[in-house]
Amino acid sequence: MLKINVIGNVTSNIEMRTKKGDDVPYAIMRVASDRRYRSKGGEKLTDFLSVKVRGNLAERCVQYLTKGDRIAAFGDFETITTPDENGNMRQSGFLIKASDVEFLTNKKREEANLQELLDAVDLENEEAPAA
């Protein structure tokens, strides 16, 4: 049995989808995850992975996650197959079918930091002499 854990940042806002003939909603998130090492040239390396969530988990992800939020997703692989020019099915990629997602971004801390920044800007504007 193959299990995978992914930690990274959501690259865009998530949309709920439904498949024809299936009442269970799902969503696919793109997650950017930096590698622990750099290229030979010193550049940071980032992988972009697709994470699929279904049902209530998908609804919670759509409701609470936005672009840039950090998550940890736990699940297994789902192979994506597509027909080639001869009609033979070929593996064209994979996605992670998540059974659990942890929200790692602390929204309250981010909101508090933003409020501190806004308060500091207001103080600077109040102290500025009138022209």
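Two residues are in contact here when heavy atoms of theirs lie within 4.5 Å. With that in hand, we can begin at the start of the chain, in what is a predicted model. L2 is found in the segment before β1. Setting aside its neighbours within four places in sequence, L2 is in contact with G75, D76 and F77. L2 and F77 are 75 residues apart along the chain, yet their C-alpha atoms are separated by 7.4 Å.

That meeting of distant stretches is a good way into the whole chain. Among the contacts with a separation of 6 or more, 59% are made by residues 24 or more positions apart. The chain has 2 helices and 5 strands, and from the N terminus on these elements run β-β-β-α-β-β-α. Of the 131 residues in the chain, 24% are buried.

Let us go inside next. In soluble globular proteins, nonpolar side chains tend to be buried together. The largest nonpolar core in this model holds 18 residues, and the members that touch the most others are M29, V53, C61, I71 and V101. Many parts of the chain contribute: β1 (4–10), β2 (26–38), β3 (44–54), α1 (55–64), β4 (70–83) and β5 (89–103) each supply at least two residues of this core. To see how these parts come together, try selecting V101. Apart from its neighbours within four places in sequence, V101 is in contact with M29, V53, L57, C61, I71, A72 and A73.

Two of those partners, L57 and C61, also appear when we turn to the helix α1, where G55, L57, A58 and C61 are buried. Looking down the axis of α1, you would find its buried residues within an arc of 150 degrees, so they line one face of the helix. A simple rule of geometry helps here. An α-helix has 3.6 residues a turn, so residues three or four places apart point the same way. On the face of α1 turned away from the buried side sit the exposed residues N56 and Q63. What lies over the buried residues of this helix? The cover includes β2, β3 and β5.

Now look at the loop between β1 and β2, which is where E15 is found. Is E15 buried or exposed? E15 counts as exposed because its relative accessible area is 61%, and the cut-off for that label is over 50%. Beyond its neighbours within four places in sequence, E15 is in contact with Y26, A27 and V62. The C-alpha atoms of E15 and Y26, which are 11 residues apart along the chain, are separated by 8.7 Å.

M16 has its place in the loop between β1 and β2 as well. At 34% relative accessibility, M16 counts as partly exposed. Leaving out neighbours within four places in sequence, its contacts are P25, Y26, A58, E59 and V62. M16 and E59 are 43 residues apart in sequence, while the C-alpha to C-alpha distance is 7.3 Å. A58 is one of the buried residues of α1, and this loop residue is in contact with it.

Strand β3 offers another residue to visit, K52. Which label fits K52, buried or exposed? With a relative accessible area of 14%, K52 is buried, since the limit for that label is under 20%. Not counting residues up to four places away in sequence, K52 touches Y26, A27, I28, E78, L95, I96, K97 and A98. Y26 and A27 are familiar by now, as both are also in contact with E15.

The tour ends at the largest pocket, which has about 180 Å³ of space. Its lining is made of I4, N5, V6, I7, S33, D34, R35, R36, D47, L49, F94 and I96. Which elements give two or more residues to this lining? They are β1, β2, β3 and β5. By character, the lining residues divide into 6 nonpolar, 2 polar and 4 charged. One of the lining residues, I96, is also among the residues that K52 touches.

Methods. Residues numbered from 1 in each chain as written. Predicted model: local features only at pLDDT ≥ 70, side-chain atom pairs only at ≥ 80, totals over all residues. Heavy atoms only, no water. Core = buried A, V, L, I, M, F, W, Y, C linked by side-chain atoms within 4.5 Å. Buried < 20%, exposed > 50% of the residue type's maximum accessible area, 1.4 Å probe, protein only. Helix = DSSP H or I, 4+ residues; strand = E, 2+ residues; numbered from the N terminus. 1 Å grid on protein atoms, 1.4 Å probe; cavity = no way out; pocket = protein on both sides within 12 Å on 5 of 7 lines; lining within 4 Å. Points joined across faces, edges and corners; volume = space filled by probe spheres on them. Nonpolar A, V, L, I, M, F, W, Y, C, P; charged D, E, K, R; others polar. Arc of directions from axis to C-beta.
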